[in-house]
Structure formats: C-alpha cells, structure tokens
Amino acid sequence: MSVNSQLLRKIPKVDELLRHPQLTNLCCQHTVLTETVREVIDSLRQAILSGEEPCLETESICAEIIRCVQKKTTMNLRPLINATGIVLHTNLGRAKLSTAAVRAIQSVAQDYNTLEYNLESGSRGSRYSHVESLICKLTGAEGAMVVNNNAAAVMLVLSTMAKGKEVVTSRGELVEIGGAFRVPEIMEQSGGTLVEVGTTNKTHPSDYENAVTENTGAFLKVHTSNFKIMGFCEEVSLDEMVRLGHEKNIPVIYDLGSGSMIRLEDYGIQDEPNVLDAMKSGADVISFSGDKLLGGPQAGIIIGKREYIEAMKKNPLTRAFRIDKLTLAALEATLREYLDPAEVLKNNPTLHMITAKMDTLEPKGRQLLECIERVCDGSYSAQLTEDYGQVGGGSVPTQTLLSSVVAIEPKHVSLDILEKRLRELSLPIIARISKERLLLDVRTIEEHHFEYVAESIKNCCQ
C-alpha cells in the first residue's frame, strides 16, 4: 500500500468528527458545521494527493474546523478599534454615531414607526417631514430635504434645476470625490451641460459672466474639500458668485461637501467653510454630507429656496435616492443635538475627537501606556510620544492634528506581522506603522478599549 493510501485511510470520517466533544459544543447551525467538516477533510485529502503529509491528529483537525466555522459565522461588517488617529476614516465607516443616534436607530428598527405616517391627520405623511423643519431651524433655510449621500444630492439638484441647460463651473473645481466619481460625470448623468471656465489655478468673476448665454441654467461652485491649490491661484468666492447670479437672474448651486455646522476655526482648524456662513451668502441651493463633519449617518442634505426644494421632491430620481428609516432616525437624533451648541461638542463623537486638545489627549495617552506596560512580558517596548493624525473623509486636507500616541517596538516579530495579527483579532485593531514603530493614536481610541488593546499587544508580540 502506498504512503498516500495509508494517509488517506487515516483521515477521520465526517460522522466521527461531528460526534467529537470539541465540535458538539459549537454554537452554529448543523448545516454550517457539516459543510465545514467536509471542506476540511477535502483539503486534507487534496494535500495528501499532492504529496504533503498534513497532521491527521483528531484534535488538530477539530481545531482547524473550529477556526473555519468561526470565520464563516463572523459578520463581515463588524466593529473594530480605530487606532490610526484619522477621525473620519472612509474605509472604517467615517463618522461614529452618538449614543442618541444609536438609540434612535434601535428604536425604529425593532418596532413599526412613523416613517410615512402623520399621527395628527391619521393619513400618509412624508418621510422628509421628520428632519425638514429641524434642518431649516438650524440653518435658516426656506426648505430642506435629504437623500442617501451627497453625490446623489448633487445629481438631484442638477437634474431638477439644470436638465437640458448649461451649468457654468470653474475648471479648478471639477473634482473627483472618491471611488472614481467625478463632477463632470455626475453633470452628464443629470442631463446638464458642463461649461468650464477659468484655468486650473485661476478663475475670475468675468469668466462666469462671459460664459452666460440664454441657455445658462445655473452657476455651480464646488468646495474642493479633498485637496487644496496653493501658490499662484485665485477663485471666485461664493459671495461674488451669488452677487453675479442675482444680477443675471441665474441660480447659484453650492456643493459644500463636508457640511460642518460649527465654525471649526474657533478650535484651530482653518480653511473649512461651514453651512451657516454658506447660507448667509444667499446661495439658492446648498448640498452637503451627513457623515463627514456633521458627524451623522451617510446622507446628502439639500437646503435652499423652497421653490427648488419642492421641485426636487417631485423629481423621479428622488425615489431612487431616498433615505431609509434607520438613516433618518440617526440623522434626526444627530441634528437635535445641534440645538445645544455646547453639548453637541461633547455628545457628537466626530466633533469631540476633532476638537480634542493635547491637555486632554496627553493624559489619555499616559493611561493607555500604563495599561500596556502593566501587562508587558518583555516581548516589546512601549513609549509615549507625539505624532500627527488627520480629520479624514476628504475634509481639511491641508491640516494635521497633533495627538498623543503610544509607539510599540516588538522584539520577536516584525512590525508587519504585528500589524497583521492585530487586524485579524475577533475585535480588530487597525493601527499604522511609522518610523519603524507601530503607533496607537489615542485620539480615536475609546478609553474602555485600553485594557483590550494592551492584552492584544502582548499576545500579538509573542
């Protein structure tokens, strides 16, 4: 009998493995367990036929089955710890929601709700009514509506106000907003015709004025939130554009992008416009995101003159772009917190992290360092230092955020292996490597995770 045949005969049968005590206690569907047992057995068989000699001990096989079952039954979309110092990390879900927003989601998710029901009249209502008056109160706008993201908001605005017409835009503002979606392509899909004016680095009011024809439908200004042109450059301000638009009787559309509802310059963050100042300019329609500097769920918020907002509600695209009940609940709860400007800085995680200063971050860093040193077994060294994080999410690209970080230097494993092990945990930890050290930025780590982070560093450095 060949070696292969002898090894193949040693592979346990499916029924034998299913009865093994290590597997009978697994909390999973029987079909998932059976499928996994067969897959592991098949992989062992293929390994033997290819000339390998895998371990055929029953305990070892059961351990592999358990690992595979855990991987199969773990949610793909799941929580993790953001140790990167990037507050609005697009790959990590952008804005963390407030406690009130999370509670609002849970309340409408597990019960029937008033999504499109008017309790006063006992008849069908509008889903937009839940946040429209609230947005108008916060911004001073005549009308407001929400869709599923800001790209959809821009397309809906252009489709409603400029379909079949020309839209004049500065060449320096034709940005790509991520995922290869570009303003000119959104314009094309909306049915408007793009008219580029100026150059990449300089655009003047006369460029807009000279581009006006009888078919001009709107002026479009786009806040270039994910990049900044420096040096020999000039742009037409929103106030200038509004003044020209009123003179020519041409509506002005402003894609504000990040959607800050507070003046971040009061907290040392420069060059980021806010919704309230944009409204004061007199722009006819403004759109911005809900999950960036607003600190809420993914949404596209549109504010402006009532006539345009009402027309958008009747646009067929509105149904395709409409916001769902869970997002609406989170958005309403987030917006309600803005009614108290002082409290929103504490309760809104995004604003709380962005505005945090070193006098609070440094003690937080010391606390994490103490947790890590307390469990240290000599397989690594840890040091408290300073480094720079970012706002993220395409917001405030020219500014970094000084923060307190714990730098880890493993002694027995490489930095790449340590980083990989940390992100493969049941609760992954996403960190960054800089200057031959693994950095843990406390700006974006919750204090209740410190003990877990410390134990994870110890285990992953061994």
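Analyst: Two strands pair if DSSP finds at least two bridges between them, and the strands and helices themselves are DSSP runs (E of at least two residues for a strand, H or I of at least four for a helix), numbered from the N terminus. The model discussed here is predicted, with local features needing pLDDT of at least 70, side-chain atom pairs counting only at pLDDT 80 or more, and totals for chains, interfaces and linings using all residues. Residues are numbered from 1 along each chain as its sequence is written, and side-chain values use heavy atoms, with hydrogens and water left out.

User: How do you know that strand 6 and strand 7 pair?

Analyst: Five bridges join strand 6 and strand 7 in the parallel sense, and because at least two are required, the pair qualifies. Within this pairing, Val167 stands opposite Leu194 of strand 7. Strand 6 also runs parallel to strand 8, with four bridges between them, and there Val168 stands opposite Phe219.

User: What makes strand 5 and strand 7 edge strands of the sheet?

Analyst: The sheet is open, with seven strands in the order 5-11-10-9-8-6-7 and mixed pairing. Strand 5 (143-147) and strand 7 (193-197) each have a single partner strand, so one side of each is left without a neighbour in the sheet. Neighbouring strands are turned by 20° against each other on average, direction ignored, where axes are lines fitted to C-alpha atoms (for helices over the stretch in contact) and angles between N-to-C directions run from 0 to 180 degrees.

User: Why is the pairing in this sheet called mixed?

Analyst: Strands of a sheet pair through backbone hydrogen bonds, either parallel or antiparallel. Strand 9 (residues 252-257) and strand 10 (residues 285-289) are parallel over four bridges, with Tyr254 opposite Ile286, whereas strand 5 and strand 11 are antiparallel over five bridges, with Ala144 and Ile303 as bridge partners.

User: How do you know that helix 8 packs on the sheet?

Analyst: Helix 8 (residues 150-162) touches strand 5, strand 6 (166-170), strand 8 (216-222), strand 9, strand 10 and strand 11 (300-304), and its direction makes about 160° with that of strand 10. Contact here means heavy atoms within 4.5 Å.

User: What makes the span of helix 8 close to the expected one?

Analyst: The expected span is 1.5 Å times one less than the number of residues. For the 13 residues of helix 8 that gives 18 Å, and the first and last C-alpha atoms are 17 Å apart. Just after the helix, Gly164 takes a positive phi of about 80°.

User: Why is Leu220 called buried?

Analyst: Buried means under 20% relative accessible area (exposed is over 50%, partly exposed lies in between, with a 1.4 Å probe and protein chains only). Leu220 has a relative accessible area of 1%, so it counts as buried. Leu220 belongs to strand 8, and the residues it touches include Val167, Val168, Met187, Tyr208 and Ile253, residues up to four places away in sequence being left out of the list.

User: How do you know that strand 6 is largely enclosed by the rest of the structure?

Analyst: Five of the five residues of strand 6 are buried, so the conclusion follows from the accessibility values. Both faces are covered, with Glu166, Val168 and Ser170 on one side and Val167 and Thr169 on the other. In helix 8, 11 of the 13 residues are likewise buried.

User: What makes the approach of Ser159 to Asn315 a polar contact?

Analyst: A polar contact is a pair of N or O atoms within 3.5 Å, one able to donate a hydrogen and the other to accept it within protein, while residues adjacent in sequence count only through side-chain atoms on both sides. The side chains of Ser159 and Asn315 meet at 3.2 Å, and Ser159, at 10% relative accessibility, counts as buried.

User: What makes a set of residues such as the one containing Val146 and Met312 a nonpolar core?

Analyst: A nonpolar core is a set of buried Ala, Val, Leu, Ile, Met, Phe, Trp, Tyr and Cys residues joined through side-chain atoms within 4.5 Å. The largest such core has 82 residues, of which Val146, Ile286, Ile302, Ile303 and Met312 touch the most other members. Helix 8 gives the most to this core, with nine residues. A second, separate core of 29 residues includes Ala356, Val375, Leu438 and Ala454.
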